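Here is a short tour for anyone meeting this structure for the first time. Have a look around, then read on.

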There are 2 protein chains.
Amino acid sequence: MKLSSQGYKGTRDFYPEDKRLQKYLFSTWRKVVESYGYEEYDGPMLEETEIYRAKSGEELVDQQSYRFEDRGGRDVTMRPEMTPTVARMVAARRQELSYPARWYSIPNLWRYERPQRGRLREHWQLNVDIFGVETIDAELELISIAHDLMSAIGATDDMYTIKVNSRQLTAIIMADYLELDGEKSHHMMKLLDRRAKMEQSAFEEEAMQIMGTQEGVNKLKELVEAKSMGDLPEQIREAGPVRQIQLLFTHLRDNRITNVNFDVSLMRGFDYYTDIVFEVFDNSPDNNRSLFGGGRYDGLVGMFGVEPVPTAGFGVGDVTMLDFLEVHNLKPEPRSETDVYIVAVGDVLRQAQGVARLLRQAGLNVALDISTRKADKKTKSGVAKHVPYLLFVGEEELNQERFILRNVKTQEEEKLSLEEISQKVKP
Amino acid sequence: MKLSSQGYKGTRDFYPEDKRLQKYLFSTWRKVVESYGYEEYDGPMLEETEIYRAKSGEELVDQQSYRFEDRGGRDVTMRPEMTPTVARMVAARRQELSYPARWYSIPNLWRYERPQRGRLREHWQLNVDIFGVETIDAELELISIAHDLMSAIGATDDMYTIKVNSRQLTAIIMADYLELDGEKSHHMMKLLDRRAKMEQSAFEEEAMQIMGTQEGVNKLKELVEAKSMGDLPEQIREAGPVRQIQLLFTHLRDNRITNVNFDVSLMRGFDYYTDIVFEVFDNSPDNNRSLFGGGRYDGLVGMFGVEPVPTAGFGVGDVTMLDFLEVHNLKPEPRSETDVYIVAVGDVLRQAQGVARLLRQAGLNVALDISTRKADKKTKSGVAKHVPYLLFVGEEELNQERFILRNVKTQEEEKLSLEEISQKVKP
């Protein structure tokens, strides 16, 4: 029987050159979040379905998840997001943990959906959360980290915008300003979420269905057309959540972060947000969309039967960010982890193994071509693998204890001792 | 509704201190395999079931795997091992890859089984493979790496033994020396696999059932009681595979690896091995068992309808190795990735954020306690997180631009400038 060499639909095979790019992204992420004192955690790929049903929303669990019964009859789901897991973990040690707890993770996540640009069935996501801080300083830190994550991959402030809104403000707008009941509020939030992608006329038509009167639609238009907090209708401008956002913006400016906008339409999908929400948008016309985001969700830990813990966090997907690197031409040059590729010339493989061992002891990463092919074929392999240096080892070199080191990029060759080689390659 | 804060059975939650230990193991692994020129790859967590059915064995697929139908009716399995995936990936680019290809990965793997010591439902495994080398130099390199992996975690040669056997030798023994047919060979291999855990009398009884005569049982005993290759029955001693193993042992000695034993009973579970197999055994009486192993499996890539590629490799599980660290008292001391924990004393949070920013720019990992608690509570948090230095920032310190740095271990305190602090913490 011949098996197919195609991987499962919507997943990726990471060949070394692909994995290298992903590792560059992950190590950049780790560097930034660890610079703020975040500690890495991890949880299982599989959880009992109930923890997603409770907060990820029914649609996700029933239609878009990898959900099945295990052999013991348990209803399990391959994690579509990390937040329920981390909330569960904090709840389990609610008393023992020391706060503020700053945690991050880079799990792989699964969604059953039609694969498309920026969305695959399996993807990785950096999750950054802070537990135990109820003040706006948590959001300030998270947005600063989001900004630093962008800078660390080479993005400049003009390439993207950080949009901010508040769920508490949204609640006030729905109940007090637009005077909508629960169900109508829900429809209005869905409408606002889609507004950027809609024609103005279609937006107004749907708005009319919800608001019922032209006066109502006008009120709504006054609201959504506000370019800044100062443009907001007076009734809302003085609301507590607006002051909170203003305070946040002031502190962000102190941190030299200025590419932030207030956006009254920003909703974010998940139901669990309770206050500030934010999203990073790509400004490029070729990629004009949300890159990632997060916010505050103070209620989640308490779902597990413990005293609630104030929580804020965000997640960044690898597929989206790899697209961003592509669109903005920010991909780093490929460079192997291997420093030196040894080509044994003639029947000296045994001695070449000794040379490789000595260079490894000096701290170099050394691949020895142990195939039985000719030297020119071996040389080609080393070059194809993007190894920066080739080292030629033959009878004569072994006798002289000096070997030919070739810099692949410049094509320069030098005859050097082992000590000189290690100095040259890793000064 | 109150949700359970327990994770799914047979899985682990990695709190930061657990994750730190796992990261220590993974980074040690990466360092060793990259020093030999191995490149990291990765593949999807989910594969179509047929690729496991073909080679992992029916029992694994039908009884021990996480197998289900996706929403599109495809028969899929959460990977129980990485080898079928890597063989598929190599087959898909059979022509384009440059050989020898040295690849490694650290995937999470799933098995449905009753959780027990050393075996969980989700575990991680270092997979190391070399493609395109048909000579014993591949096995020589892999066993050298296995040895270096043990040294890198602090294991000395007396702590473990590397056992070696050959599937080709086993085939010769079964057919020519014991004169068994296919079915009886299969039973004999299973019996040999269990021999170390059996009473001598039970072993002889089962051997009698397979061999049929006392003469046959005696032949078998002569074989299994051989302590070295020189003790083997003469008929086998001269066989090609024995010479190969002898050559391998000679080269291993050249590499200063001497804790290797020939073991005619070594079978290894998977059906796909074609020649040399090896296994690393823990010598400790508290943990006397196989730690990890591998071998040559030249047939696997060819299953995907391409020309076969010579392949050898091995896998190391994280659960087993964490147990090994425990048993041999080799666990490293916990140390946070965070360098400095800032305690703001009084109403100076805003200024302390500035201090944190400057220290980050100098390359330090800095956590600022942004909670609204008293200074002594903040101090306790920093200590509980195993951060090596605390930094106290108050009005007076801000005016003097000198801050109190406390070394948590020695309890020494010094009043230093920011530049002196970064020098002190990361010289």
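## The nonpolar cores

In this predicted model, the largest nonpolar core has 99 residues. The members that touch the most others are Val164(A), Met188(A), Phe314(A), Met321(A), Ile342(B) and Leu391(B). As for who contributes, helix H5 of chain A, residues 137-152, gives the most to this core, with eight residues.

Met188(A) is a good one to zoom in on. Leaving out residues up to four places away in sequence, Met188(A) touches Met174(A), Leu178(A), Leu180(A), Ile210(A), Met211(A) and Leu220(A). There's also a second, separate core of 98 residues, and its members include Ala344(A), Val355(A), Leu368(A) and Tyr36(B).

## How the two copies are arranged

Take chain B, turn it by 180° with 0.0 Å of shift along the axis, and it superposes on chain A with an RMSD of 0.1 Å. The two copies are thus related as by a two-fold rotation axis. What's more, the same surface serves both copies, since 99% of the contact residues of chain B recur in chain A.

Which residue of chain B comes closest to the rotation axis? That's Phe68(B), whose C-alpha is 3.4 Å from it.

## Where the chains meet

On the contact count, 106 residues of chain B are in contact with 105 residues of chain A. Between them the chains bury about 8400 Å², and carbon and sulfur atoms give 52% of that area. On the chain B side, the residues losing the most area to chain A are Leu3(B), Tyr15(B) and Arg71(B), which together make up 9% of what that side buries.

Plenty of polar pairing goes on here too: 56 residue pairs are in polar contact between chain B and chain A, both residues at pLDDT 80 or more. The salt bridge count between the two chains is 14. One salt bridge runs from Asp13(B) to Arg88(A), with the closest N and O atoms 2.8 Å apart. Helix H1 of chain B (residues 16-35) provides the largest share of the side that touches chain A, namely eight residues.

## Two residues with buried settings

Arg20(A) sits in helix H1 of chain A, which covers residues 16-35. Is Arg20(A) buried or exposed? Its relative accessible area is 16%, so Arg20(A) counts as buried. Setting aside residues up to four places away in sequence, Arg20(A) touches Pro334(A), Arg335(A), Ser336(A), Lys385(A), His386(A) and, from the other chain, Glu39(B). With Arg335(A) there's a polar approach as well: the backbone oxygen of Arg335(A) is 3.4 Å from a polar atom of the Arg20(A) side chain.

Over in chain B, Asp339(B) belongs to the loop between helix H12 (318-327) and strand E13 (340-344). Asp339(B) is buried, at 4% relative accessible area. A polar atom of the Asp339(B) side chain lies 2.8 Å from the backbone nitrogen of Asn365(B). Beyond its neighbours within four places in sequence, Asp339(B) is in contact with Leu364(B), Asn365(B), Val387(B), Pro388(B), Tyr389(B), Val425(B) and Lys426(B).

## Backbone oddments

Both chains have a cis peptide bond to point out. In chain A it runs from Tyr99(A) to Pro100(A), with omega near -5°, and Pro100(A) lies in the loop between helix H4 (83-92) and strand E5 (101-105). In chain B a cis bond joins Tyr99(B) and Pro100(B), with omega about -5°. Pro100(B) is found in the loop between helix H4 (83-92) and strand E5 (101-105) of that chain.

Positive phi values turn up in residues other than glycine, too. His386(A), one of the residues touched by Arg20(A), has phi near 60°. His386(A) lies in the loop between helix H14 (375-384) and strand E15 (389-393) of chain A, and is partly exposed at 39%. Asn329(B) has a phi of about 55°. Asn329(B) is in the loop between H12 and E13 of chain B, and at 71% relative accessibility it counts as exposed.

## One more stop in chain A

Asp254(A) is found in helix H11 of chain A, residues 240-254. With 40% relative accessibility, Asp254(A) counts as partly exposed. Asp254(A) and Pro44(A) are 210 residues apart along the chain, and their C-alpha atoms are separated by 39 Å.

Terms used:
Residues numbered from 1 in each chain as written. Chains lettered and ligands numbered in written order. Predicted model: local features only at pLDDT ≥ 70, side-chain atom pairs only at ≥ 80, totals over all residues. Heavy atoms only, no water. Least-squares fit on C-alpha atoms with pLDDT ≥ 70 in both. Contact = heavy atoms within 4.5 Å. Core = buried A, V, L, I, M, F, W, Y, C linked by side-chain atoms within 4.5 Å. Buried < 20%, exposed > 50% of the residue type's maximum accessible area, 1.4 Å probe, protein only. Helix = DSSP H or I, 4+ residues; strand = E, 2+ residues; numbered from the N terminus. Polar contact = N/O pair within 3.5 Å; in protein donor to acceptor, adjacent residues only side chain to side chain. Buried area = accessible area lost by both parts, 1.4 Å probe. Salt bridge = Lys/Arg side-chain N within 4 Å of Asp/Glu carboxyl O.
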